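Me: I'd like to learn how to read a two-chain model from its elements. Can you walk me through it?

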Amino acid sequence: MTLVEPALAERVLARALERGGDFAELYAEARQGFGISIDDRRVERPQGGRERGACLRVVQGDSTYYGHVDGLVEEDLLRVAGSVAQGLRGEAREPAALSSAERAAGHAVEIAPPDVAAAEKAELLRACDERARGAASEVAQARIGYAESRREVEVYNSDGRAASDDRTRVRLSAQVVARRDGRVETGTDTLGGHAGWELIVADPEAVADRAAQRALTLLDAVDAPTGRLPVVVGNGFGGVLLHEAVGHGLEADAVQKRASVYAGRLGDELADPLVTAYDDGLRPNDWGSDGIDDEGTPTRRTTIIENGRLVSYLYDVLRARKDGVESTGNGRRESFRHLPVPRMTNTFFAPGEATPDDLIAGVERGLYAVSFGGGQVEPATGDFVFGVSEGYLIEAGEVTAPVRGATLVGNGLEALRAIDGIAADLEIATGYCGKGGQSVPAGVGQPHVRIRELTVGGTAS
Amino acid sequence: MSLEDVARRAVEATVDAGATDAEAWAEEGTSRRIRVYDGEVESLSDAGGRGVGVRAFVDGRSGYAYGTELSEEGLRETAGAAREAAEVADPDEYGGLPEEFGTTAVQGLASNTLVDWSTERKVDLALAVERAARKRRGVTQVENAVYSDAEGGIALVNSQGFSAGYEATQAWAYASAFAGEGSDLMTGLGVGLGRDPGALDPEAIGAEAADRALALVGARQPSSRRCPVVLDAFVAASFFGFIGSMLSADAVQRGRSLFAGREGDEIAAPALALADDATDPAGPSSSPFDGEGSATRRTPLIEHGRLLSFLFDARTARKAGRATTANASRGSYRAPPSVGTTNLTLQPGEAGLEQLFGEAGDGLYVTDVAGLHSGVNPVSGTFSVGASGRLIENGEAASPVRELTIASDLVGMLQAVQTLGSEARWVPFGGSVKAPPVLIAEMSISGS
């Protein structure tokens, strides 16, 4: 399907450049989605939607003029192009000729989610609900949600780029509440990818099960310790620490404004040589993968840390142009209502050779942080904070009691330098990353990683 | 076609498709966003959009669909999708439209002067914010100075005869400034909001960003301790915004709120009074009707420390045998209504900030918290969140601190509220909350 014919795109770009500009781009998108959940034993909130729209931008020097519109009607596109051009004062420029948009090599989707009846999705949620409630008599409440989306994207720009992508994502999430005496605890788990229904149907109940087991484990949790301790961080969602504490600081917009502790540090030894990390938007069917980014640049694997040395930032077209390099395919946006900015795709530490047990065995007294409830970082300083949603004490090299209420507080540079062990069990989990008011799917991941020392803010006095 | 016409046609199409009841929420708006950097425009946008969301009720089941195609055919497709979605939902004995509908007159939601502001004047305003922040000695960078505004209309129509609409405008500006260098770099945020750009004070916004960053320069990790804590208005607003979301009857009825079963209990110190108020003209989330057509109102939630009410929509009210408090909230036409706060207002006290410091004696002044939503257990209320600010020594602000966590539990914190400050302000992030600074008698601080 073509959203905007190349001939129309050419006219729209010519209109956008009628008062000058170094670069103009038309981004068109058709989005559709469906979601449904079971909560309190009832299947509810089935909802679907369809949207089409476009974003137009003209870049002149360091200034960007843009507008967006709902719908893909010719006269609206031309009107927005004219209105965007009003910001400029120069001579008209001719955009390059455009061919038909080339469809990116995408990610395999075996069963298109809209082809599956909504009733089947509801049944799957019921089965997950049963599994969660059957885990133990202490399970008091369960909410399971399913969401699917399809985004068809076309990008045309004044340099002659014409590219398109067709992205299907599915995600299943479970939140289970367990109660015993006065204690109430919550466990969560998710499964998702740039993939079709086949990913979900493989073993949906396992998601409900893991969420239930987390909640049940927490019923026995003791208060978290406080102080500076060694921390072993779990694989999969544990990678949110890398995402927040390092990845955001490598996004070129923050770097160029010197709003990042990693500015000017390219080539520096920032970690032990055993540390290598990638941003990889190509990984087949992973949550943060796409065929092209939202500026039409093919996604790729970018090494960001190689044997402890910082080797690359993450670029979109604009910031790459400014640094005289190529875009790394990280120009991403939430929708046609937003401008692209440098964003991570799937960001993770490369696997090492140790086993998780090796890492834990080396700790006399510390914290095993399996999963986080979320986190936040100030890219300018690298200061971060993470809530540990599943954690355990490590005593004499063994994992012992579960803990609750632990928070990790630290600084990205310091934490990176303190990594002294990496396991082989790489796994990518599904996250939503927020930046500048835009939320995009981002894959976070890592193998088990050990950090020599980190501040643990606990609840134990 | 007016917005109410769009919504009416969507309702008709949904009933035609076989729904027993239907409701449509239509939206139309334009917005501008101007970001300046280093004295130049970094980006400038002018955007418009419209769309409609439809709820279809079929024999006690409900489904939702939305779309941006507002032609007859587009509306029919959206209506059909909502009707179809309803079939897979389980029946809900408490579901359905409210029994009563209405509107409350709220003056001043839309300013008629926004239209008089040219793009150039708005750019000048954003530049003035940036200049105000940059000119403070010690400010090393202003990462962002942003001016933004929006104007738009909302219409809500249902098959029980309700049809109403309103228009609203918003304008806001913010800046984030840095002070210090390298690993000692600290950031500060300044923000202002109103119904039109005339309500914004660029000097004050820029100065606030600069002052908040400068106050933290040289911050170090403090030692762990238990001490009195003063939350500034930003931080108090974040905490009370979170507490407000826990007062949702939906969270309560589904066993996800620590306040379940506590109605009528003394859950807070006697000095504390919290209300939800959708009728305050200055409140960013004010409106004449809620997301399902109930007339908006002011609902006292906590008074004299006692929990008076939860927040209800029609469904949760039926389940509890109560009346709705008109808290069916809509983020946009892209989602069905759900229970939420409108504007939360925490009643100010009489103490100035210096007085709060004096009362605290030796303690901590918190000017920023991070990770609130991941750091609080909503069911037990225990929390541990990252924070930065300044120590208070002998009743005065002393050295800046960072990389610390503050821990307590929400009810414990509410009961430890000792004194409320006098200077309340609107804080537009994490919901819409008007809060003063608050002195908490004791909290646990974890540092080195």
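Reply: Happy to. We'll begin with what pairing means: two strands pair if DSSP finds at least two bridges between them. With that in hand, look at chain B of this predicted model, where an open sheet of six strands runs in the order β10-β9-β8-β13-β19-β18, with mixed pairing.

Me: Which strands of chain B stand at the edges?

Reply: Those are β10 (306-307) and β18 (425-427) of chain B. Each has a single partner strand, so one side of each is left without a neighbour in the sheet.

Me: And how do I read one particular pair, say β13 and β19 of chain B: in what sense do they pair, and over how many bridges?

Reply: β13 (residues 343-346) and β19 (residues 432-435) of chain B pair in the parallel sense, over three bridges. For a register point, take B:N343, which stands opposite B:S432 in β19(B). There's a helix to add here too: α5 (residues 233-246) of chain B packs on the sheet and touches β8 (274-277), β13, β18 and β19 of chain B. The direction of that helix makes about 125° with that of β19(B).

Me: Now chain A. What is the strand order in its open sheet of six strands?

Reply: In chain A the order is β12-β11-β10-β15-β22-β21, with mixed pairing. The edges are held by β12 (309-310) and β21 (427-435) of chain A; each has a single partner strand, so one side of each lacks a neighbour in the sheet. β21(A) runs antiparallel to β22 (residues 438-446) of chain A, and nine bridges join them. Within that pair, A:T430 stands opposite A:G443 in β22(A).

Me: Which helix of chain A lies across β10, β11, β15, β21 and β22?

Reply: That's α6 (residues 240-250) of chain A, lying across β10 (277-280), β11 (301-306), β15 (346-349), β21 and β22 of chain A. Relative to β15(A), α6 runs at about 110°.

Me: What about a helix on a helix? What numbers describe two packed helices?

Reply: Two packed helices are described by the angle between their axes and the distance between the axes. Try α3 (residues 118-134) and α5 (residues 204-219) of chain A: their axes come within 8 Å and cross at roughly 35°. The crossing of α3(A) past α5(A) is right-handed.

Me: Which residues in α3(A) and α5(A) meet?

Reply: From α3(A) you get A:L124, A:A127, A:C128, A:R131 and A:A132. They meet A:P204, A:E205, A:V207, A:A208, A:D209, A:A211 and A:A212 in α5(A). Sorted by class, this contact has nine nonpolar, no polar and three charged residues.

Me: Let's zoom out to domains. How is chain A divided?

Reply: Chain A has domain 1 (6-219) and domain 2 (222-457), with C-alpha centres 23 Å apart. Their contact takes 35 residues from domain 1 of chain A and 23 residues from domain 2 of chain A. Elements that each supply at least two residues to the domain 1 side include β1 (23-39), β2 (42-60) and α5 of chain A. That side of domain 1 of chain A has 13 nonpolar, 12 polar and 10 charged residues.

Me: And how is chain B divided?

Reply: Chain B splits into domain 1 (3-214) and domain 2 (219-448). Over C-alpha atoms, the centres of these two domains of chain B are separated by 23 Å. The contact takes 34 residues from domain 1 of chain B and 28 residues from domain 2 of chain B. Among the elements that give two or more residues to the domain 1 side are β4 (139-158) and β5 (163-179) of chain B. By class, that side of domain 1 of chain B has 20 nonpolar, 10 polar and four charged residues.

Me: Last feature: how many residues does each chain give to the contact of chain B with chain A?

Reply: Chain B gives 57 residues and chain A gives 64 residues. On the chain B side, β2(B) brings the largest share, 12 residues. By class, the chain B side has 19 nonpolar, 26 polar and 12 charged residues. Strand pairing also links the chains: β2(A) and β3(B) pair in the parallel sense over four bridges, and A:Q47 stands opposite B:Y64 in β3(B).

Me: What scores does the model get?

Reply: The ipTM is 0.88 and the pTM is 0.91. For chain B, the mean pLDDT is 95, and 99% of its residues reach 70 or more.

Notes. Residues numbered from 1 in each chain as written. Chains lettered and ligands numbered in written order. Predicted model: local features only at pLDDT ≥ 70, side-chain atom pairs only at ≥ 80, totals over all residues. Domains from an automatic or database assignment. Contact = placed C-beta atoms within 7 Å. Nonpolar A, V, L, I, M, F, W, Y, C, P; charged D, E, K, R; others polar. Axes fitted to C-alpha atoms, helices over the stretch in contact; angles between N-to-C directions. Left-handed = near helix turned anticlockwise from the far one by under 90°. pLDDT = per-residue confidence, 0-100.
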